[in-house]
Amino acid sequence: MSLTSDKRERPIVVVGGGFAGASFALAAAGQETPVLVVEAIAPGGGDGGFDARSTALSWGTRRIFESLGVWDDLGAAPCPILRIEVSDRGHLGGVSFDHGEQGQEALGYVVENHVLGGALREKVAASEHIDLLAPANLTSAGPVPEGMKLSIRRGENEQDLIAALTVLADGGRSPIAAQLGIGRQLKSYEQHALVANVALEKSHRNIAYERFTEHGPLALLPLPTVEGVHRASLVWTLPEPLALENMELGEAELLPRLQREFGPGMGRVTGIGRRACFPLQLSRASEQARPGLALLGNAAHTLHPVAGQGFNLALRDCMALAGVVREARERGLWPGDMSVLQGYIDEQEFDQEKTILFTDLLVNLFSGKNAAKAGFRRLGLLALDLLPPMRRRFVSNAMGLGSF
Ligand SMILES: Cc1cc2nc3c(=O)[nH]c(=O)nc-3n(C[C@H](O)[C@H](O)[C@H](O)COP(=O)(O)OP(=O)(O)OC[C@H]3O[C@@H](n4cnc5c(N)ncnc54)[C@H](O)[C@@H]3O)c2cc1C
């Protein structure tokens, strides 16, 4: 589409059509609330900007995607997690959780990023209430009395428009937030995540494995079998030098290393696909809302992937922001009004705090070989195994259903 003059004033502009931006647009857009999504990557180009990663979706996320009409579009792509097995390398025992004890058909699902990203983008492109401008870049933003003045570049053309509410969902680096003077609180975990799809000799039986090692947590998430190949998604957390070393190793040297860390539980790993490596940090924007502006997804907070909570939390944020924006329209308020945005902050503050705390605690407790930590770790696993109320709360939280 082109930015014609009659469209230079927009109620809502979303910057970034990744998981967070696309989900928010779908949740917020309606007859009375048209949304413009500005996305740097062209639709249908390569993998659409989504890498070889997969994302664990909680049961709560499934329910949200059902309400947005996205779940059905994913078809058979999400692989159900029927059981989670947690273990501590070098120690016997561990703890496991089964979907049966929760009374749900699955504890969660694993979906490949390019599949989820593609489905979200298609839904956005098909919506009659959303205009998708891609490839296009937001190059600058500045406050004006009506909201935010945005400069958007598309090819050789640069155009300005005014948005009553600008939603920055432009990822963890968010240069636009930096340009607006919004800082970030950063905590490096001094770990990298090596991510790849792996082939397994035998079926994973829909079990997700989480194993804590002296280097950091290691997760193997079940993926659908393709052409007879049993597949899983690997997230291998390591100190930076070891992660970079493992990125360079040939498959013949790498697989025995991986197998040693994982043990024999899930059978033999027979192959590994394209690898990617991500530095891990907890990063939080110093402000998530200003008059005419809100931050969502990684732009608002980036979490360690150990508990698979980053996007699940971001999606709950998206729904909450969309909810207050809808309510504001009914009350005749501007969506960028600070009283509206403060309502969103108040609603999500507790969820964000507890999810971030829970994830950070897991990383700290389950990384490193310190004897005291190892003792706490074993106690924690034992408590989860033996204490039903604690177990229920833990799983409910991991499923995105309840709170501590
Ligand atoms: C290894 C790893 C494993 C993970 N596993 C899980 C998991 O199992 N479960 C889970 O819930 N979460 C997981 N996460 C977190 C999850 O990946 C993130 O929460 C999610 O990707 C955030 O998406 P986003 O839309 O905020 O950002 P991004 O995916 O970074 O999207 C930002 C978008 O904005 C666009 N953009 C940027 N700047 C501009 C601009 N100026 N103009 C226009 N467009 C722009 C980009 O092209 C991009 O499409 C994991 C993260 C990592 C690193």
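This report describes how some helices pack in a predicted model and what surrounds its ligand.

## About the model

Because the model is predicted, local features need pLDDT of at least 70 and side-chain atom pairs count only at pLDDT 80 or more, while totals for chains, interfaces and linings use all residues. Residues are numbered from 1 along each chain as its sequence is written. Helices (H or I, at least four residues) and strands (E, at least two) are DSSP runs, numbered from the N terminus.

## The shell around the ligand

A residue is taken as near the ligand if its C-beta atom, placed from the backbone, lies within 6 Å of it. In this model 34 residues surround the ligand, and the closest are Gly16, Gly18, Gly171, Gly297 and Gly310. The elements that give two or more residues to this shell are helix H1 (19-28), strand S3 (54-58), strand S9 (137-144), strand S12 (184-200) and H8, and H8 gives the most, with four residues.

By class, the shell has 17 nonpolar, 14 polar and three charged residues; here Ala, Val, Leu, Ile, Met, Phe, Trp, Tyr, Cys and Pro count as nonpolar, Asp, Glu, Lys and Arg as charged, and the others, Gly among them, as polar. At least three residues of the shell come from each of domain 1 (5-70 + 114-185 + 282-363) and domain 2 (79-109 + 189-280), with bounds that come from an automatic or database domain assignment.

## H8 and its helix partners

Helix H8 (residues 310-330) and helix H2 (residues 59-68) have axes that come within 10 Å and cross at roughly 40 degrees, where axes are lines fitted to C-alpha atoms, for helices over the stretch in contact, and angles run from 0 to 180 degrees between N-to-C directions. That angle makes H2 oblique to H8, because angles under 35 degrees count as roughly parallel, over 145 as roughly antiparallel, 65 to 115 as roughly perpendicular and the rest as oblique. Gly60, Thr61 and Ile64 in H2 meet Asn312, Leu315 and Met319 in H8, two residues being in contact if their C-beta atoms, placed from the backbone, lie within 7 Å. This contact of H2 with H8 holds three nonpolar, three polar and no charged residues.

With helix H9 (residues 338-365), H8 packs at an angle of about 160 degrees, and the two axes are 9 Å apart. H8 is therefore roughly antiparallel to H9, and the residues of their contact divide into eight nonpolar, four polar and four charged.
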